[in-house]
Amino acid sequence: MKLVIHGKNIEITDAIREYVHQKIEKAVSHFQNITNEVDVHLSVARNPRISPKQAAEVTIFANGSVIRAEESSENLYASIDLVADKIARQLRKYKERKQDKKTQAQPTNEVVVPQPVVADLIGDRTPELPQEVVRTKYFSMPPMTVAEALEQLQLVGHDFYMFRNAESGEINVIYERNHGGYGVIQPRNNNGHTHHTNGKNGKVAVNMVMPEKSHSR
């Protein structure tokens, strides 16, 4: 298993490195057969308004899936302890889901309900990127179904997940809605069809996804 440690606004000392190896390797020890790489990102916020200031983020690449956990506190070692416990729980859920899929060959309960297409999400505003790019991430994007993307969303712990739709080949975004359930953002052209974009004039279709009932959430 490959374990990589990064730091932001902090020096990764031998003591910190040893502690990370001790805690994270223990957390994933029962899941090494499905774990390919572990990425640990430690950071300290310089802004005095940010509290807690010491953050530990763990990203695990497991057989094509990405599992993520993040914790913060006033003490870096405490943050490492918290994130180690959290990532162990995430791995346990992931393994249980994989086992359930193998032992229970049953159709999914997920229902995709089409919603009215939003004509224009931007209006008269001009989309702009932030002046300063804080962090850039690169990751593989294998084709997957909406159900698989929903599972990935729940594993990474974000409120949205970008994926390549296996049916259309287009880049979609699945996100957690404020009032419950999940939504899927898909590109469409001016004639109302999805699966194709039309440059800057492309529109966006928004669908609602009802989450699959499971014992993991």
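## Glutamate 71 and its partner

Let's start with glutamate 71, which counts as partly exposed at 22% relative accessibility. The cut-off is worth keeping in mind here, because buried means under 20% relative accessible area. This is a predicted model, and everything below should be read that way.

What does glutamate 71 pair with? Its side chain meets that of lysine 86 in a salt bridge, at 3.8 Å from N to O. The two sit in distant parts of the chain, 15 residues apart: glutamate 71 belongs to strand 4 (residues 65-73) and lysine 86 to helix 2. Lysine 86 is partly exposed too, with a relative accessible area of 27%.

## The other salt bridges

How many salt bridges are there? The count comes to four. As background, side chains of opposite charge can pair when their charged atoms come close.

One of the four joins lysine 23 to aspartate 81, again through their side chains, with N and O 3.7 Å apart. Lysine 23 is in helix 1 and aspartate 81 in helix 2 (residues 76-103), so this pair ties together parts that lie 58 residues apart in sequence. As for accessibility, lysine 23 comes out partly exposed at 26%, and aspartate 81 is partly exposed at 27%.

Then there's glutamate 70 with arginine 68, where the closest N and O atoms are 2.4 Å apart. Is arginine 68 buried or exposed? Arginine 68 is buried, with a relative accessible area of 10%, whereas glutamate 70 is partly exposed at 34%. This pair also has company: Glu57, Arg68 and Glu70 are joined into one network by salt bridges that share partners.

## The chain as a whole

Stepping back, the chain holds three helices and 10 strands. Reading from the N terminus, the order of elements is β-α-β-β-β-α-β-β-α-β-β-β-β.

Of the 217 residues in the chain, 35% are buried. On the contact side, take the contacts with a separation of 6 or more: residues 24 or more positions apart account for 49% of them.

## Helix 1 and the loop before it

Helix 1 covers residues 14-27, which makes 14 residues. From its first C-alpha to its last it reaches 20 Å, close to the 20 Å expected at 1.5 Å a residue. Which residues of helix 1 are buried? They are Ile16, Tyr19, Val20, Ile24 and Ala27. These residues cover an arc of only 110 degrees around the axis, so they end up on the same side of helix 1. Turn to the face pointing away from that buried side and you'll find the exposed residues Asp14, Glu18 and Lys26.

Asparagine 9 sits in the loop between strand 1 (2-8) and helix 1. Its backbone deserves a look: phi is positive, about 60 degrees, although asparagine 9 is not a glycine. For context, most residues other than glycine have a negative phi. Asparagine 9 is partly exposed, at 35% relative accessibility.

## Helix 3 and glutamine 152

Helix 3 is mostly covered, with nine of its 11 residues buried. The buried set is Val146, Ala149, Leu150, Glu151, Gln152, Leu153, Gln154, Leu155 and Val156. Right after the helix comes glycine 157, with a positive phi near 80 degrees.

Glutamine 152 is a good residue to zoom in on in helix 3 (residues 146-156). Why does glutamine 152 count as buried? Its relative accessibility is 6%, and buried means under 20%. What does the side chain of glutamine 152 reach? It reaches the backbone nitrogen of valine 66, at 3.1 Å. Leaving aside residues up to four places away in sequence, glutamine 152 touches Ser65, Val66, Met144 and Tyr161.

## The hairpin of strands 8 and 9

Strand 8 (residues 171-176) and strand 9 run antiparallel, joined by four bridges. Within that pairing, glutamate 176 has tyrosine 182 of strand 9 as its bridge partner.

The two strands form a hairpin with five residues between them. In the turn, glycine 180 has a positive phi of about 100 degrees. Strand 9 (residues 182-188) is mostly covered, with six of its seven residues buried.

Note on methods:
Residues numbered from 1 in each chain as written. Predicted model: local features only at pLDDT ≥ 70, side-chain atom pairs only at ≥ 80, totals over all residues. Heavy atoms only, no water. Buried < 20%, exposed > 50% of the residue type's maximum accessible area, 1.4 Å probe, protein only. Polar contact = N/O pair within 3.5 Å; in protein donor to acceptor, adjacent residues only side chain to side chain. Contact = heavy atoms within 4.5 Å. Expected span 1.5 Å × (residues − 1). Arc of directions from axis to C-beta. Pairing = 2+ DSSP bridges.
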